[in-house]
Amino acid sequence: MAVLKMKFTQQRRVRLAQGLWLLSWLAVTCGAFIFSLGVYIKIELLRRDEVMENKEIHCVPNLLMMVGLASIGANWVASRVCQDSLDASRFPRWKVLLLLWFAVAALLCCLLLTVVILSYALQGRLEESLKVGLRNGIRFYKDTDVPGRCFQKETIDRLQMEFRCCGNNNFKDWFEVQWVSNRYLDFTSQEVKDRIRSNVDGRYLLDGVPFSCCNPASPRPCLQRHLTDSRAHYNYEYQSEELNLYSRGCRQALTDYYMSLMNSTGPGVLSVILIQISVLLSMRYLQTAVEGAMALESPEGESEGYILEKGVKETYADMKAKAVELLKFAQVDPASDGEGGEEGEKEADATEKAATPTPAS
């Protein structure tokens, strides 16, 4: 028994083909949107590639770009099928290709759903990648004359100003690293000597931050040095006063930015999935209705369109049986080959015996 069976006259088939043609071009536009969205997210990730430890999150834009291009091609093919469905001489050439088209369209829907799931599931991986990447970026901030790290300072400064953040977790992360290069330190100064000697690793540590941590919205001139010394500045109390620095860490700022970007793609991608499923189901109705009319040798007569020719259980059983049959066909049974070889040797021996003349008595 066919599932979701409908009757289609010639006029209804024409309307279905016309509606599906418009829906296919809408799906092509959605495919272009998905591809563009993937390109935008990819560019945004590459812009901050230096502060990321790994590139696992790149699988989301990569999938979006791949699915977007495939969707454009598949739905363009669907529009051509709609045009040829009204011509009895041209539609049969699509019969074999439509099987492949249905498989590709179903795969696209699954991949788009995977993108939505990954965009939410990879938040922990993204945060951990940013944590390690930013920690290394802050540590290499001073290496402006080291090949491969010479732009690290500019990257961190621009990042902190653009996202209004400071440090990895907060501004105190700068207290734990030497972020001033030795080439800019006066080693004849007693203060510099004392600070280096007071550190076990011989690093020049400061209770200060780079200029990019300063919050321009603060009414007070920016305090960058001696932030933990309440006596170093007039009318200043370190424990109670709200500092004129960005209070949010860059890891949290970047995580929030990228997750809001990816989460906002969820509703758009789900809408594209619904459109693609509509194209898939409409194409199935059009295919079965046109083939039914051609089988009746009455192109203008009434025919039936359906999603599944049999019930769901019967269709699943048939697909399972075909899959098992294909697997059996692909397997080579060594036992049967051995038995066949033995039988062949026995037949050859019997033939030789029959051909040998019997000696006279």
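Which helix gives the most to the nonpolar patch? That's helix H1 (residues 10-47), with three residues. Keep in mind that this is a predicted model. Below is a quick tour of the patch, the annotated membrane spans, a long-range salt bridge and the bend in helix H7.

**The nonpolar patch**
- Trp21, Leu22, Trp25 and Trp76 make up this surface patch, and together they have about 420 Å² of accessible area.
- Trp25 sits in helix H1.
- Trp25 has 35% relative accessibility, so it counts as partly exposed, given that this class runs between 20% and 50%.

**Annotated membrane spans**
- In an unreviewed entry, UniProt lists residues 20-41, 61-78 and 98-122 under "transmembrane region".
- Take residues 20-41: the chain there is 100% helix and 0% strand, with 31 Å between the end C-alpha atoms.
- Residues 98-122 come out as 96% helix and 0% strand, and here the end C-alpha atoms are 35 Å apart.

**Salt bridges**
- The structure has 17 salt bridges.
- One of them pairs the side chains of Glu162 and Arg48, at 2.7 Å from N to O.
- Glu162 belongs to helix H5 (residues 152-163), while Arg48 is in the loop between H1 and helix H2 (59-84), so this pair ties together parts that are 114 residues apart in sequence.
- The two partners differ in cover: Arg48 is buried at 5% relative accessibility, whereas Glu162 is partly exposed at 45%.
- Asp84 has a salt bridge to Arg90, with 2.9 Å from N to O, and another to Arg93, where the closest N and O atoms are 2.7 Å apart.
- Shared partners also link salt bridges into one network made of Glu44, Arg47, Arg48 and Glu162.
- Is Asp84 buried or exposed? Asp84 is buried, with a relative accessible area of 0%, while its partner Arg90 is partly exposed at 36%.

**Helix H7**
- H7 covers residues 250-295, which is 46 residues.
- How does its span compare with what you'd expect at 1.5 Å a residue? The expected figure is 68 Å and the end C-alpha atoms are 66 Å apart, which agrees.
- There is a bend in H7 all the same: about 25° at Gly266, with a proline, Pro267, following within four residues.
- After H7 comes Glu297, which has a positive phi near 55°.

Notes:
Residues numbered from 1 in each chain as written. Predicted model: local features only at pLDDT ≥ 70, side-chain atom pairs only at ≥ 80, totals over all residues. Heavy atoms only, no water. Patch = residues over 30% accessible without salt bridge, like charges linked within 9 Å, V, L, I, M, F, W, Y side chains within 5 Å. Areas by Shrake-Rupley, 256 points an atom, 1.4 Å probe, with all protein chains shown as cover. Salt bridge = Lys/Arg side-chain N within 4 Å of Asp/Glu carboxyl O. Helix = DSSP H or I, 4+ residues; strand = E, 2+ residues; numbered from the N terminus. Buried < 20%, exposed > 50% of the residue type's maximum accessible area, 1.4 Å probe, protein only. UniProt positions renumbered as here; feature names shortened; annotations may be inferred. Expected span 1.5 Å × (residues − 1). Bend = angle between axes of the 7 residues up to and from the residue.
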